[in-house]
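Thank you all for coming. I would like to walk you through one structure this morning, beginning with a single residue and then widening the view.

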Amino acid sequence: RIKGQEVSILIVADTVLQNTLTDIQNFNLELEFEIKSQGYLGEKTNRKDYIFNGCKFDMELNLHTQDWLSFVQSVHDKAQRLTPDVVFNITGVFSFPNGDEPELLLNDVSWGAIPHNIGSRGDYVKVKLQGECADIEIQQS
């Protein structure tokens with residue numbers, strides 16, 4: 001079995017590892033499959049098929065440097081087409097107890113809303129990132 005302490009989430013912006021965005025509390029990934037049903041005359045049940053509609057993800061993290069603001073500026077600038085060629089990628093590295101280290105690659109992600117939660121004096125600032133990508137690449141070790 002694998003625990004969260006054996007999973008690393010790496011965010012890359014324009015080929016540069018965002019090595020200060022490491023205080024990730026959780027990461028959720030959903031591969032979006034859609035079931036298609038079609039009925040035909042003379043048949044007793046619908047035929048089933050499915051298609052892949054990409055991936056969506058979200059994560060929550062805390063901040064410990066102002067590098068976060070540079071990252072947000074990069075996301076903002078791409079969204080406004082000031083830097084349309086910037087590519088954001090996310091890699092999940094899973095270090096299994098048996099030594100296997102497969103990677104899940106989310107390439108050319110698009111970002112959704114980025115809410116910031118500043119709860120109280122004693123709470124850490126929490127940021128939520130969410131987004132989608134067209135495909136996922138799985139590299140097994």
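Leaving aside its neighbours within four places in sequence, which residues is Leu-31 in contact with? Before I answer, please keep in mind that what you see is a predicted model. Once those sequence neighbours are set aside, the contacts of Leu-31 are Phe-52, Gly-54, Cys-55 and Ile-136. Leu-31 itself belongs to strand S3, which covers residues 24–38. Is this residue buried, exposed or partly exposed? Its relative accessibility is 35%, and because buried means under 20% and exposed means over 50%, Leu-31 counts as partly exposed. For a sense of distance, the C-alpha atom of Leu-31 lies 12 Å from that of Leu-104, although 73 residues separate the two along the chain.

Let me move from that residue to the protein as a whole. The protein has 10 strands and 1 helix, and if you follow the sequence, the order reads β-β-β-β-α-β-β-β-β-β-β. Among contacts with a separation of 6 or more, 60% are between residues 24 or more positions apart.

Turning to overall dimensions, the radius of gyration is 19 Å, whereas a compact globule of 141 residues would have one near 14 Å. Along the principal axes, the C-alpha atoms fill a box of roughly 65 × 45 × 35 Å. Of the 141 residues, 26% are buried, and the protein exposes about 9,700 Å², with carbon and sulfur atoms supplying 48% of that area. As for charge, there are 12 positive and 21 negative charges, and their mean positions are 10 Å apart.

I would now like to spend the remaining time on strand S9, residues 126–133, and on its partners. Strand S4, residues 47–62, runs antiparallel to S9 and is joined to it by 8 bridges, with Phe-57 standing opposite Gly-131 in S9. Strand S7, residues 110–111, also pairs with S9 in the antiparallel sense, over 2 bridges, and here Ser-110 stands opposite Glu-132. Strand S8, residues 116–117, likewise makes an antiparallel pairing with S9 over 2 bridges, where Asn-117 faces Lys-126.

Finally, which residues of S9 form its covered face, and which its uncovered one? The covered face consists of Val-127, Leu-129, Gly-131 and Cys-133, while the uncovered face carries Lys-126, Lys-128, Gln-130 and Glu-132. In a regular strand, side chains alternate between the two faces of the sheet.

Notes. Residues are numbered from 1 along each chain as its sequence is written. This is a predicted model: local features need pLDDT of at least 70, side-chain atom pairs count only at pLDDT 80 or more; totals for chains, interfaces and linings use all residues. Side-chain values use heavy atoms; hydrogens and water are left out. Helices (H or I, at least four residues) and strands (E, at least two) are DSSP runs, numbered from the N terminus. The radius of gyration is taken over C-alpha atoms; the globule rule is 2.2 Å times the number of residues to the power 0.38. Buried means under 20% relative accessible area, exposed over 50%, partly exposed in between (1.4 Å probe, protein chains only). Contact means heavy atoms within 4.5 Å. Accessible areas come from the Shrake-Rupley method with a 1.4 Å probe; for residues, only the protein chains shown count as cover. Lys and Arg count as positive and Asp and Glu as negative; His and the chain ends are not counted. The place of a charge is taken as NZ of Lys, CZ of Arg, CG of Asp or CD of Glu. Two strands pair if DSSP finds at least two bridges between them.
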